[in-house]
Amino acid sequence: HVDEDAFIERWLGAEDDQELRGILLRDERLLHLSLKENSKSAYFIGKKVFELGMPEGSLIAVIHRQDDVLIPKGKTELREGDYLTIIAAPKEIESLRREYFEGE
């Protein structure tokens, strides 16, 4: 990933360790998304997983919340500061990245 044109910009713009890991582990079938107010990802804050209208076949696999790792269920409410790991087909990941990921 370090050979990608936008790598340095994303690396220098990362706000925390989780975001740095996400940049290094970026994969065409994974999206690591940090939920922040006043950002594209704010759409997720305060919603339950089942309310999101995620693309078919996509899955929020893990939520990192402060020092906890949560396996979400449909009724799990998302909070500001949550760091999501989303799994989906490359087409859906790219769509989610364009819609909700800052700087992409």
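**Notebook: rings, charges and core**

Tyr-43, Phe-44 and Tyr-100 form one aromatic cluster. I note at the outset that this is a predicted model.

**Entry 1: the aromatic cluster**

I searched for ring pairs and counted 3 aromatic pairs. I took Tyr-43 and Phe-44 to begin with: their pair is edge-to-face, with 5.6 Å from centre to centre and 85 degrees between the planes. Then I turned to Tyr-43 and Tyr-100. Their ring centres are 5.4 Å apart and their planes stand at 20 degrees, so I wrote this pair down as stacked. Where do the two partners sit in the chain? Tyr-43 is in the loop between E1 and E2, while Tyr-100 belongs to helix H3, and the two are 57 residues apart, so I have this down as a link between distant parts of the chain.

Next I looked up burial for the three rings. Tyr-43 is partly exposed at 32% relative accessibility. Phe-44 is buried, and its relative accessible area is 0%. Tyr-100 also counts as buried, at 13%.

One more neighbour of Tyr-43 went into my notes. The charged end of Lys-47 sits over the Tyr-43 ring, 4.1 Å from the ring centre.

**Entry 2: helix H3 and its two faces**

Tyr-100 led me to helix H3, which spans residues 90-100. Which residues of H3 are buried? I found Ile-93, Leu-96, Arg-97 and Tyr-100. They cover an arc of only 100 degrees around the axis, so they lie on the same side of H3. I then checked the face turned away from that buried side, and the exposed residues there are Lys-91 and Arg-98.

What do the buried residues of H3 pack against? My answer is strand E1, residues 30-34, together with E4.

**Entry 3: salt bridges on H3**

I searched the whole structure for salt bridges and got 3. Arg-97 and Glu-94 meet through their side chains at 3.5 Å, N to O. Both are in H3, 3 residues apart, which is about one turn of the helix. Glu-94 also forms a salt bridge with Arg-98, at 3.8 Å from N to O. That pair lies within H3 too, with a spacing of 4 residues, again about one turn. I therefore drew Glu-94, Arg-97 and Arg-98 as a network of linked salt bridges, with the accessibility of Arg-97 next on my list.

How buried or exposed are the three members? Arg-97 is buried at 6% relative accessibility. Glu-94 is partly exposed at 33%. Arg-98 is exposed, with a relative accessible area of 52%.

**Entry 4: the salt bridge away from H3**

I moved on to Asp-82 and Arg-65, a salt bridge whose closest N and O atoms are 2.7 Å apart. Asp-82 lies in the loop between strand E3 (68-70) and strand E4 (83-87), and Arg-65 lies in strand E2 (residues 59-65), so the pair ties together parts that are 17 residues apart in sequence. Is Asp-82 buried or exposed? Asp-82 is buried, with a relative accessible area of just 1%. Arg-65 counts as buried as well, at 13% relative accessibility.

**Entry 5: the nonpolar core**

Last, I looked up the largest nonpolar core, and it has 17 residues. Those with the most contacts inside it are Leu-33, Leu-35, Phe-44, Ile-60, Leu-78, Leu-84 and Ile-86. Which elements give two or more residues to this core? They are E1, E2, E4 and H3. H3 gives the most, with 3 residues.

I picked Leu-33 for a closer look. Leaving out neighbours within four places in sequence, I found Leu-33 in contact with Ser-41, Phe-44, Asp-82, Tyr-83, Leu-84, Ile-86, Tyr-100 and Phe-101. It was nice to meet some old friends in that list: Phe-44 and Tyr-100 from the aromatic cluster, and Asp-82 from the salt bridge with Arg-65.

How values were computed:
Residues numbered from 1 in each chain as written. Predicted model: local features only at pLDDT ≥ 70, side-chain atom pairs only at ≥ 80, totals over all residues. Heavy atoms only, no water. Salt bridge = Lys/Arg side-chain N within 4 Å of Asp/Glu carboxyl O. Buried < 20%, exposed > 50% of the residue type's maximum accessible area, 1.4 Å probe, protein only. Arc of directions from axis to C-beta. Contact = heavy atoms within 4.5 Å. Phe/Tyr/Trp six-rings, centres within 6.5 Å; stacked < 30°, edge-to-face > 60°. Lys NZ or Arg CZ within 6 Å of the ring centre and 35° of its normal. Core = buried A, V, L, I, M, F, W, Y, C linked by side-chain atoms within 4.5 Å.
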